[in-house]
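Hi,

Here is the structure I promised to pass on to you. Have a look at it first, and then read on for what turned up in it.

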Amino acid sequence: MATLGMITLVVDDYDTAIQHYVNDLGFTLVEDTPLGEGKRWVVVEPGPGGARLLLAPATTAAQRAAIGSPAGGRVAFFLYTDDFDADYERFRAGGVTFEGPVRDEVYGKVVVFADAYGNRWDFIQRR
């Protein structure tokens, strides 16, 4: 069976993106390999067992325009937690801004946030 291993996120700068995803959101830096000519292979993950993110700086006007809108303004990513309250407070302390109040839905406890690039995420503790 196939699994989704990695998703590319277009960002402005490698080091700024690493700082945000690792320090603010608590992701793990999995790999940061120089590829020459200023290019790097930078991979982060929120936790083991899920898809990783390849952080790729925009190099064209079209890529820069796509930063923060991989799903046309809709929620593009779903981040699961097994301790919503603790992780929610950790995110708030890291400067994450949430869109609206925490909601209890049939599928779990959820709130939407945007990362530093404007990508919208559902943060969910599933039932």
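A strand here means a DSSP run of E with at least two residues, and strands are numbered from the N terminus. By that rule, Glu45 is found in strand β3. Before going further, please keep in mind that this is a predicted model.

Let's stay with Glu45 for a moment. Is Glu45 buried or exposed? Residues count as buried under 20% relative accessible area. Glu45 has a relative accessible area of 12%, so Glu45 is buried. What does the side chain of Glu45 make a polar contact with? The partner is the side chain of Arg52, at 2.9 Å. Leaving aside residues up to four places away in sequence, Glu45 touches Phe27, Thr28, Val30 and Arg52.

Now zoom out to the sheet that β3 sits in. This open sheet has four strands, in the order β1-β4-β3-β2, and its pairing is mixed. At the edges you'll find β1 (6-11) and β2 (28-36), each of which pairs on one side only. On average, neighbouring strands of this sheet are turned by 25° against each other, direction ignored. If the word "pairing" is new to you, strands of a sheet pair through backbone hydrogen bonds, either parallel or antiparallel.

For an antiparallel case, look at β2 and β3 (residues 39-45), which pair over seven bridges. One bridge to pick out on your screen joins Thr33 to its partner Trp41 in β3.

Helix α1 (residues 14-24) packs on this sheet and touches β1, β2, β3 and β4 (52-57). The direction of α1 makes about 10° with that of β3. Which residues of α1 are buried? They are Tyr14, Ala17, Ile18, His20, Tyr21 and Asp24. The buried residues of α1 pack against β1, β2, β3 and β4, and also against α3 and β8.

Both ends of α1 have a detail to look at. At the start of α1, a side-chain oxygen of Asp13 comes to within 3.1 Å of the backbone nitrogen of Asp15. Just after α1, Gly26 takes a positive phi of about 80°.

On to another sheet. It is an open sheet of four strands in the order β5-β8-β7-β6, again with mixed pairing. Here β5 and β6 stand at the edges with a single partner strand each, so one side of each is left without a neighbour in the sheet. The twist averages 20° from one strand to the next.

Two hairpins belong to this part. β6 (residues 97-105) and β7 form a hairpin with two residues between them, and they pair in the antiparallel sense over six bridges. In that pair, Glu105 stands opposite Gly108 in β7. The other hairpin is made by β7 and β8, with five residues between them. Gly118, in the turn of that hairpin, has a positive phi of about 95°. β7 and β8 (residues 120-126) are antiparallel too, with seven bridges. If you want to trace the bridges, Val110 stands opposite Ile124 in β8, and the bridge partner of Ala114 is Arg120.

Why is β7 described as largely enclosed by the rest of the structure? Five of the seven residues of β7 (residues 108-114) are buried, so the rest of the structure largely encloses this strand.

Next comes Glu89, whose place is in helix α3 (residues 84-93). Glu89 has 44% relative accessibility, so it counts as partly exposed. How far apart are Glu89 and Arg120, in sequence and in space? They are 31 residues apart in sequence, and 18 Å apart in space from C-alpha to C-alpha.

Last, the largest pocket. About 380 Å³ of space lies in it. The largest pocket is lined by 15 residues, and those nearest its centre are Pro46, Gly50, Ala51, Phe78 and Leu79. Which strand gives the largest share of the lining? That is β5 (residues 77-80), with four residues.

If you want a place to begin, try finding Glu45 and its polar contact with Arg52, and then follow β3 across to β2.

Cheers

Methods. Residues numbered from 1 in each chain as written. Predicted model: local features only at pLDDT ≥ 70, side-chain atom pairs only at ≥ 80, totals over all residues. Heavy atoms only, no water. Pairing = 2+ DSSP bridges. Axes fitted to C-alpha atoms, helices over the stretch in contact; angles between N-to-C directions. Contact = heavy atoms within 4.5 Å. Buried < 20%, exposed > 50% of the residue type's maximum accessible area, 1.4 Å probe, protein only. Polar contact = N/O pair within 3.5 Å; in protein donor to acceptor, adjacent residues only side chain to side chain. 1 Å grid on protein atoms, 1.4 Å probe; cavity = no way out; pocket = protein on both sides within 12 Å on 5 of 7 lines; lining within 4 Å. Points joined across faces, edges and corners; volume = space filled by probe spheres on them.
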